[in-house]
Amino acid sequence: MNDNHPEISIKSFSSPVKEDVPVNTVIAVVSVSDKDSGENGQVKIHISDDLPFALKESSDNYYELLVSEPLDREKVPEYDITITVTDRGNPPLSDNETITLELLDVNDNIPQFPQTFYTIPVMENNAPGALLSSLTAIDPDLHENQYLVYFIIEKEIVNTSMSMLFSINPENGNLYALKTFDYEIEKEFLFHIEARDSGVPPLSSNVTVHIIIMDQNDNTPLIVSPWRAHGSVVEEKIPRSTDKGTLIAKVIAIDSDSVHNSRITYQFLHNTDATLFSLDQYNGEIRTMRMFSYRDSRHQQLVVIAKDNGEPALSATVTIKLSTVETALKTYADMTEVPLGYDIFSDLNLYLVIGLGSVSFLLLITILVTIVLKCQKTKPSKAAPPCRNSVISERNSTIADSTLVSNDAYWYSLFLAETRKGKLVVRQPVPKGARYIVSSIPRSTGLTETSDSAASTLQVT
């Protein structure tokens with residue numbers, strides 16, 4: 001009769017065990033028994049299927065508890081294993097035994113940072129020693145395998161070590177700045193931080209840290225135009241006849257802050273005549289809004305303020321004193337009249353003098369030769385006796401060229417009478433004792449010259 005319950009006996013049991021225990025490692029050895037006989041004494045043994053263990057029969061009524069899957073303490077630190085034995089009686093009787101298996105930690109997990117890349121903004125002009133961020137890694141191991149040490153992986157930039165700029169607490173990963181940063185000099189830093197556990201062998205991981213220096217409106221705008229020799233006052237002179245829209249001056253300011261904080265706007269802080277000048281708030285150009293009138297003062301004063309876009313805004317001012325003059329010609333002459341020093345006897349000047357002298361000499365020679373040729377008379381050549389027409393022509397020419405007309409009325413009437421008679425009248429040299437010698441030759445003779453005897457018969461006293 002099935003009146004005896006089966007019994008379980010734990011012969012050996014190893015606990016705790018390391019979590020990296022190999023598969024098929026024997027954890028415990030159990031034996032089972034039933035005092036009944038026949039089928040009432042036959043038993044079967046089993047454990048839960050969801051456990052990473054298995055039972056294997058080693059001999060009659062002896063079973064080994066084996067590891068069937070890899071164990072992980074970080075997932076399940078311990079197991080409650082219930083072994084159940086049941087006989088084949090009717091009704092069946094059973095018994096069970098529960099054992100607790102603890103797992104020992106093994107340094108099998110590396111430290112893990114929540115992020116793989118950290119971007120940390122830092123406002124410039126920070127106080128030295130200020131906390132920038134806390135970089136904490138997680139290690140699921142236990143005890144010394146979980147104890148982490150943080151440090152900066154050494155890196156040099158411009159002969160400066162990172163450990164001189166930043167410091168990290170080795171126990172909790174708090175990152176500190178060791179100096180005050182200036183955005184206009186240093187804008188960013190890039191380095192690595194490592195977290196290492198204390199296991200054997202130690203495991204570690206690192207993360208990239210990007211430090212961005214944020215700009216602060218700590219630079220006042222600097223006015224670079226118009227140039228100021230002393231202080232902040234500029235004196236300018238402009239013609240009183242300046243047209244409308246003429247550029248009088250241009251104010252230029254620069255700011256070494258970032259784009260937002262360096263945006264400059266210009267305004268009039270003081271304007272002697274608001275109807276006379278205008279100022280462009282973006283480019284700083286000062287122009288005339290109208291022409292000057294006789295009522296306008298000869299001296300105008302403008303105060304321009306250049307203001308950045310920071311919070312709070314910083315500014316700089318410049319004072320421009322304008323004086324109007326009647327004309328700009330004298331000023332322009334004064335500015336441009338510069339004595340020119342040059343060498344009179346330079347090579348170029350010497351060549352020009354030689355050339356001009358040569359041309360003048362050749363021109364003079366040409367004029368002299370021309371005058372000589374004009375004044376020179378060619379000698380008449382002897383020819384055959386001319387015909388009548390030639391004689392008449394020659395006579396007329398001779399009368400015109402050789403006849404001397406005296407103021408004496410007698411000579412003049414004689415000249416006319418003889419000419420009407422067709423005779424040629426020629427005045428001869430007057431001999432002593434006579435006033436005139438007239439030679440009269442008939443036209444029909446064809447002679448052009450008077451003989452000495454003929455001339456003597458025509459002497460008149």
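Trainee: How many bridges pair strand 25 with strand 26?

Mentor: Keep in mind that we're looking at a predicted model. Strand 25 covers residues 299-307, and its pairing with strand 26 is antiparallel. One of the contacts along the way puts V304 across from V318 of strand 26. The bridge count for the two strands is 9.

Trainee: And strand 19, in which sense does that one pair with strand 26, parallel or antiparallel?

Mentor: Strand 19 takes in residues 233-239, while strand 26 runs over residues 315-325. There are 7 bridges between them, and the sense is parallel.

Trainee: Which residue in strand 26 does E236 stand opposite?

Mentor: Look along strand 26, residues 315-325, where strand 19 pairs with it. The residue facing E236 there is L322.

Trainee: Let's move to the open sheet of 3 strands. Why is one side of strand 10 and of strand 14 left without a neighbour in the sheet?

Mentor: Start with the strand order, which is 10-15-14 with antiparallel pairing. Strand 10 (131-134) and strand 14 (166-168) each have a single partner strand, so one side of each has no neighbour in the sheet. In a word, both stand at the edges.

Trainee: By what angle are neighbouring strands of this sheet turned against each other on average?

Mentor: We're still on the open sheet with the order 10-15-14. Ignore strand direction here, and the average turn comes to 20°.

Trainee: Which residue of strand 15 is the bridge partner of F166?

Mentor: Strand 15 is residues 174-177, and 3 bridges join it to strand 14 in an antiparallel run. F166 has its bridge partner in strand 15, namely A177.

Trainee: Now for I367: does it count as buried, partly exposed or exposed?

Mentor: You'll find I367 in helix 2, residues 347-375. Buried would need under 20% relative accessible area and exposed over 50%. I367 has 43% relative accessibility, so the label is partly exposed.

Trainee: How much accessible area does the nonpolar surface patch with I367 have together?

Mentor: I367 shares that patch with residues including F361, L364, V369 and L373. Put together, their accessible area is about 970 Å².

Trainee: Zooming out, what share of the residues count as buried?

Mentor: The protein has 5 helices and 29 strands. Its accessible surface comes to about 29700 Å², with 55% belonging to carbon and sulfur atoms. Of the 461 residues, the share that counts as buried is 32%.

Trainee: Last one: of contacts between residues at least 6 apart in sequence, what share join residues at least 24 apart?

Mentor: A contact here means heavy atoms within 4.5 Å. On that basis, the share is 64%.

How values were computed. Residues are numbered from 1 along each chain as its sequence is written. This is a predicted model: local features need pLDDT of at least 70, side-chain atom pairs count only at pLDDT 80 or more; totals for chains, interfaces and linings use all residues. Side-chain values use heavy atoms; hydrogens and water are left out. Helices (H or I, at least four residues) and strands (E, at least two) are DSSP runs, numbered from the N terminus. Buried means under 20% relative accessible area, exposed over 50%, partly exposed in between (1.4 Å probe, protein chains only). Accessible areas come from the Shrake-Rupley method with a 1.4 Å probe; for residues, only the protein chains shown count as cover. Two strands pair if DSSP finds at least two bridges between them. Axes are lines fitted to C-alpha atoms, for helices over the stretch in contact, and angles run from 0 to 180 degrees between N-to-C directions. Patches are made of residues with over 30% relative accessible area and no salt bridge: like charges are joined within 9 Å, nonpolar side chains (Val, Leu, Ile, Met, Phe, Trp, Tyr) within 5 Å. A salt bridge is a side-chain nitrogen of Lys or Arg within 4 Å of a carboxyl oxygen of Asp or Glu.
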